[in-house]
Amino acid sequence: MEKNTGLKRIILATGYSIQGLKSAFKHEAAFRQELLLAAILIPLACYLEVSQIQRILMIAPVVLVVIIEIINSAIEAVVDRIGSELHELSGRAKDMGSAAVLIALILTAYIWIEILFL
């Protein structure tokens, strides 16, 4: 079987990525909520009178939250695919993914508070 390389691989990978975004939007309420948060905070960061570095520091963790949520959703989907029975490792994997999202949200809040209020 011939491997896809070059431009064809990039086009296929882009299509798979778009499918992933659509799937996350369709099936994950948390992703939709965080996307809404990003849709509010990113334009707000662009509107506020802050330095370019501060603007980047405000936008980057917001995007990071969305990225981590997609990874968390992927972990949850794989765990659910493996089986529906309760297992300590399955619960641990899901909890750790959720913890990663929480840490990213806390980081976002911290950076915004530091820049805007301190």
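Analyst: A residue is called buried when its relative accessible area is under 20%, exposed when that area is over 50%, and partly exposed in between. The structure discussed here is a predicted model.

User: Is Asp80 buried, partly exposed or exposed?
Analyst: The relative accessible area of Asp80 is 48%. Buried requires a value under 20% and exposed a value over 50%. Because 48% lies in between, the class of Asp80 is partly exposed.

User: With which side chain does Asp80 meet in a salt bridge?
Analyst: Asp80 belongs to helix α3, and its partner belongs to helix α4. The two residues are 14 residues apart, and the pair links distant parts of the chain. The N to O distance in this salt bridge is 2.5 Å, and the partner of Asp80 is Lys94.

User: Is Lys94 buried, partly exposed or exposed?
Analyst: Lys94 has a relative accessibility of 25%. Buried would require a value under 20%, and exposed a value over 50%. Lys94 therefore counts as partly exposed.

User: Which residue meets Arg92 in a salt bridge?
Analyst: By the rule applied here, the model has two salt bridges. In the one formed by Arg92, the partners both lie in helix α4, four residues apart, which is about one turn of the helix. The N to O distance is 2.7 Å, and the residue that meets Arg92 is Glu88.

User: Which class of exposure does Glu88 have?
Analyst: Its salt-bridge partner Arg92 has a relative accessibility of 38% and counts as partly exposed. For Glu88 the relative accessible area is 59%. The cut-off for the upper class is over 50%, so Glu88 is exposed.

User: How far from Glu34 is the nearest side chain of opposite charge?
Analyst: Glu34 is placed in helix α2. This residue is buried yet has no salt bridge. A salt bridge requires a side-chain nitrogen of Lys or Arg within 4 Å of a carboxyl oxygen of Asp or Glu. The nearest side chain of opposite charge to Glu34 is that of Arg32, at a distance of 11 Å.

User: What is the nearest side chain of opposite charge to Glu69?
Analyst: Glu69 is found in helix α3, and this residue is buried yet has no salt bridge. Not counting residues up to four places away in sequence, Glu69 touches Ala30, Phe31, Glu34 and Val101. The nearest side chain of opposite charge to Glu69 is 10 Å away and belongs to Arg32.

User: Which helix supplies the largest share of the largest nonpolar core?
Analyst: The largest nonpolar core has 12 residues, among them Ala38, Leu41, Val62 and Trp112. The helices α2 (29-47), α3 and α4 each supply at least two residues of this core. The largest share, four residues, comes from α2.

User: Which residues does Leu41 touch, not counting residues up to four places away in sequence?
Analyst: Leu41 is one of the residues of the largest nonpolar core. Two residues are in contact with Leu41 when those up to four places away in sequence are left aside, namely Val62 and Trp112.

User: Which helix gives the largest share of the nonpolar surface patch?
Analyst: The patch measures about 510 Å² and is made by Val63, Leu64, Ile67, Ile71, Leu107 and Tyr110. Both α3 (52-82) and α4 (88-117) supply at least two of its residues. The largest share, four residues, comes from α3.

User: Why can Leu64 belong to the nonpolar patch, given its relative accessible area?
Analyst: Leu64 lies in helix α3 and is a member of the nonpolar surface patch. Patches are made of residues with over 30% relative accessible area. Leu64 meets this cut-off because its relative accessible area is 33%.

User: Is Gly83 buried or exposed?
Analyst: Gly83 is placed in the loop between α3 and α4. Its relative accessible area is 18%, and the cut-off for the lowest class is under 20%. Gly83 is therefore buried.

User: How far apart in space are the C-alpha atoms of Gly20 and Gly83?
Analyst: Gly20 is found in helix α1 (residues 6-27), whereas Gly83 is in the loop between α3 and α4. The two residues are 63 residues apart in sequence. In space, their C-alpha to C-alpha distance is 21 Å.

Note on methods. Residues are numbered from 1 along each chain as its sequence is written. This is a predicted model: local features need pLDDT of at least 70, side-chain atom pairs count only at pLDDT 80 or more; totals for chains, interfaces and linings use all residues. Side-chain values use heavy atoms; hydrogens and water are left out. Patches are made of residues with over 30% relative accessible area and no salt bridge: like charges are joined within 9 Å, nonpolar side chains (Val, Leu, Ile, Met, Phe, Trp, Tyr) within 5 Å. Accessible areas come from the Shrake-Rupley method with a 1.4 Å probe; for residues, only the protein chains shown count as cover. Buried means under 20% relative accessible area, exposed over 50%, partly exposed in between (1.4 Å probe, protein chains only). A nonpolar core is a set of buried Ala, Val, Leu, Ile, Met, Phe, Trp, Tyr and Cys residues joined through side-chain atoms within 4.5 Å. Contact means heavy atoms within 4.5 Å. Lys and Arg count as positive and Asp and Glu as negative; His and the chain ends are not counted.
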